[in-house]
Amino acid sequence: MFMGEYQHTVDEKGRVIIPAKFREELGEKFVITKGLDNCLFVYPQEEWSNLEQKLKQLPFTKADARAFVRFFFSGATEASLDKQGRTVLPNNLREYAKIDKDVVIIGVSTRVEIWNKEKWQSYSSEAEIAYESIAENIHELGF
């Protein structure tokens with residue numbers, strides 16, 4: 001399980017250090033793709049395969065399903081770590097997430113998210129204000 005929040009910087013070659021606590025669970029090869037809320041999602045291969053199977057279940061006759069699958073898979077790239085624990089974030093993904101230098105890397109259960117630092121701070125502040133309301137709504141769903 002991935003959890004925690006870490007701050008890092010992206011170097012001039014587009015590389016970012018993945019926190020040591022996440023490296024082993026991500027494995028040798030993993031997938032980085034466009035996430036929701038303009039962040040990047042990072043999945044271990046096994047979790048990516050599980051997600052791929054679920055997405056195959058979506059009805060391709062529905063425009064929203066087709067659009068989501070296209071968006072999700074078109075941005076996906078297989079990645080790995082170098083000896084210093086860094087991975088390269090491709091240009092298209094950095095542009096999508098507005099990542100230039102400072103990033104926040106967070107663990108979210110089965111995936112890792114990489115955020116532009118300012119965007120994460122803004123998102124986190126807004127979510128913190130709404131936290132109790134969100135908790136109430138989730139509680140209504142049986143959690």
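Buried means under 20% relative accessible area, exposed over 50%, and partly exposed in between, with a 1.4 Å probe and protein chains only. The model on your screen is predicted, so local features need pLDDT of at least 70 and side-chain atom pairs count only at pLDDT 80 or more, while totals for chains, interfaces and linings use all residues. Residues are numbered from 1 along each chain as its sequence is written, and side-chain values use heavy atoms, with hydrogens and water left out.

**Stop one: the salt bridges**

Start by selecting Glu113 and Arg111. Both are buried, and their side chains meet in a salt bridge at 2.8 Å, N to O. The term stands for a side-chain nitrogen of Lys or Arg within 4 Å of a carboxyl oxygen of Asp or Glu.

How many salt bridges does the structure hold? The count is 3. Go next to Asp11 and Arg15, where the closest N and O atoms of the salt bridge are 2.7 Å apart. Arg15 is buried because its relative accessible area is 19%, whereas Asp11, at 21%, counts as partly exposed. Then pick Arg86 and Asp82, whose side chains also meet in a salt bridge, 2.7 Å from N to O. Asp82 has 28% relative accessibility, so it counts as partly exposed.

**Stop two: helix α2**

Now select residues 45-56, which make up α2. Helices here are DSSP runs of H or I with at least four residues, strands are runs of E with at least two, and both are numbered from the N terminus. Put a distance between the end C-alpha atoms of α2 and you get 16 Å, which agrees with the 16 Å that its 12 residues should span at 1.5 Å a residue. That expected span is 1.5 Å times one less than the number of residues.

Show the side chains of Trp48, Leu51 and Leu55: these are buried residues of α2. They cover an arc of only 65 degrees around the axis, which puts them on the same side of α2. The arc is that of the directions from the helix axis to the C-beta atoms. An α-helix has 3.6 residues a turn, so residues three or four places apart point the same way.

Turn to the other side of α2 and you meet Glu46, Lys54 and Lys56, which are exposed. What covers the buried residues of α2? The cover includes β3 (29-34), β4 (40-44) and α3.

**Stop three: strand β3**

Two residues are worth a click in this strand. Thr33 is found in β3 and counts as buried because its relative accessibility is 0%. Contact here means heavy atoms within 4.5 Å. Leaving aside neighbours within four places in sequence, the contacts of Thr33 include Trp48, Phe72, Ala76 and Leu93. Trp48 is one of the buried residues of α2 from the previous stop.

Phe30 also lies in β3, and it is buried, with a relative accessible area of 0%. Not counting residues up to four places away in sequence, Phe30 touches, among others, Val42, Tyr43, Ala79 and Thr87. For a long hop, draw a line from Phe30 to Asn116: they are 86 residues apart along the chain, with their C-alpha atoms separated by 20 Å.

**Stop four: Ala79**

Follow the contact from Phe30 to Ala79, which sits in strand β5 (residues 77-80). Ala79 is buried, with a relative accessible area of 8%. Outside four places in sequence, Ala79 is in contact with Glu28, Lys29, Phe30, Ile32 and Thr87. Another line to draw runs from Ala79 to Glu5, where 74 residues of chain separate the two and the C-alpha atoms are 21 Å apart.

**Stop five: the loop between β3 and β4**

Select Asp37, found in the loop between β3 and β4. Asp37 has a positive phi of about 65 degrees although it is not a glycine, and at 44% relative accessible area it is partly exposed. Asn38 has its place in the loop between β3 and β4 too. The phi of Asn38 is near 60 degrees, again positive in a residue other than glycine. With a relative accessible area of 29%, Asn38 is partly exposed.

**Last stop: a nonpolar patch**

Finish with Leu58, in the loop between α2 and α3 (63-74). At 33% relative accessibility, Leu58 counts as partly exposed. Which residues make the nonpolar surface patch with it? Add Leu36 and Phe68 to the selection, and the patch comes to about 240 Å². Patches are made of residues with over 30% relative accessible area and no salt bridge, with like charges joined within 9 Å and nonpolar side chains (Val, Leu, Ile, Met, Phe, Trp, Tyr) within 5 Å. The accessible areas come from the Shrake-Rupley method with a 1.4 Å probe, and for residues only the protein chains shown count as cover.
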